[in-house]
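Please find below a note on the structure, set out as numbered points for someone who works at the bench. Each point keeps to one topic, and the terms are explained where they come up.

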Amino acid sequence: MPITYAICTMQRSGSNLLCDIIRKRKDFGMPYENFHETQFLKKIHLNDPIDEIINTLLKVNTSENGAKGVKLMYDQIPRLVNLINKTQHTNHTSQEAFDICNFDKHIFLYRKNTLRQAISLYKAQTTHLWRSFPGKKID
């Protein structure tokens with residue numbers, strides 16, 4: 001049976017690198033950041049059952065063998081919980097929301113050197129450059 005997983009992380013932790021590597025494998029899901037505010041509400045209908053909403057959000061994250069992966073930033077978890085509570089008229093906790101999503105695994109990614117992470121975040125926020133690519137010159 002294919003696996004469904006969530007990579008839980010924060011900005012500047014190396015999550016783009018990890019997700020790029022996983023996507024290149026093509027057999028372990030296609031983890032994208034589905035719960036980003038600008039993309040999130042465009043894809044769903046709040047009147048749909050929650051399992052349909054989750055399946056819609058994860059459709060793009062599925063590899064040919066059925067494995068599904070999603071990248072979820074810590075600040076996006078409340079958005080997921082609110083979505084579930086709004087559609088189910090409940091008051092679930094974060095853990096209960098993860099259980100409803102049926103993620104088989106949770107991968108918690110963090111950066112050990114939080115000072116470098118903070119500096120990197122500051123640079124990205126001030127320059128609006130969130131990613132760099134080898135050989136590409138930054139102005």
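1. Is F108 buried or exposed? F108 is exposed, at a relative accessible area of 54%, where buried stands for under 20% relative accessible area, exposed for over 50% and partly exposed for the range in between, with a 1.4 Å probe and protein chains only. The residue belongs to strand β3, which covers residues 105-108. Together with M10 and Y74, F108 makes a nonpolar surface patch of about 290 Å². A patch takes in residues with over 30% relative accessible area and no salt bridge, nonpolar side chains (Val, Leu, Ile, Met, Phe, Trp, Tyr) being joined within 5 Å and like charges within 9 Å.

2. On the basis of the values: this is a predicted model, in which local features need pLDDT of at least 70 and side-chain atom pairs count only at pLDDT 80 or more, while totals for chains, interfaces and linings use all residues. Residues are numbered from 1 along each chain as its sequence is written, and side-chain values use heavy atoms, with hydrogens and water left out.

3. On the overall fold, the protein chain has six helices and three strands, and their order along the sequence is β-α-α-α-β-α-α-β-α. These elements are DSSP runs numbered from the N terminus, with helices (H or I) of at least four residues and strands (E) of at least two. Along the principal axes, the C-alpha atoms fill a box of roughly 45 × 35 × 30 Å.

4. On packing and surface, 34% of the 139 residues in the protein chain are buried. Of the contacts (heavy atoms within 4.5 Å) with a separation of 6 or more, 71% are between residues 24 or more positions apart. The accessible surface of the chain comes to about 9,300 Å², and carbon and sulfur atoms hold 54% of that surface; the areas come from the Shrake-Rupley method with a 1.4 Å probe, and for residues only the protein chains shown count as cover.

5. On charge, the chain carries 20 positive and 13 negative charges, whose mean positions lie 12 Å apart. Lys and Arg count as positive and Asp and Glu as negative, whereas His and the chain ends are not counted; each charge is placed at NZ of Lys, CZ of Arg, CG of Asp or CD of Glu.

6. Four salt bridges are found in a search of the whole structure, a salt bridge being a side-chain nitrogen of Lys or Arg within 4 Å of a carboxyl oxygen of Asp or Glu. Side chains of opposite charge can pair when their charged atoms come close. D20, R23 and R131 are linked in a network of such bridges. Between D20 and R23 the closest N and O atoms are 2.4 Å apart, and these two residues are separated by about one helical turn because they stand three residues apart in helix α1, residues 15-25. R23 counts as buried, at 15% relative accessibility.

7. The other link in this network joins R131 to D20, with the closest N and O atoms 2.3 Å apart. This pair connects distant parts of the chain, R131 lying in the segment after α6 (114-127) and D20 in helix α1, 111 residues apart. R131 counts as partly exposed, at 37% relative accessibility.

8. E33 and K71 also form a salt bridge, in which the closest N and O atoms are 3.8 Å apart. Here too distant parts of the chain are linked, E33 in the loop between α1 and α2 (37-40) and K71 in strand β2 (residues 68-73), 38 residues apart. E33 is partly exposed, with a relative accessible area of 21%, whereas K71 is buried, at 4%.

9. I22, in helix α1, counts as buried at 8% relative accessibility. Leaving aside residues up to four places away in sequence, I22 touches Y5, I7, F28, G29 and P31. The C-alpha atoms of I22 and G69 are separated by 9.2 Å, although their positions lie 47 residues apart along the chain.10. Two residues deserve a look at their backbone. N102, which is not a glycine, has a positive phi of about 60°; N102 lies in the loop between α5 (94-101) and β3 and counts as exposed at 56% relative accessibility. H128 likewise has a positive phi, near 65°, in a residue other than glycine, and is found in the segment after α6.
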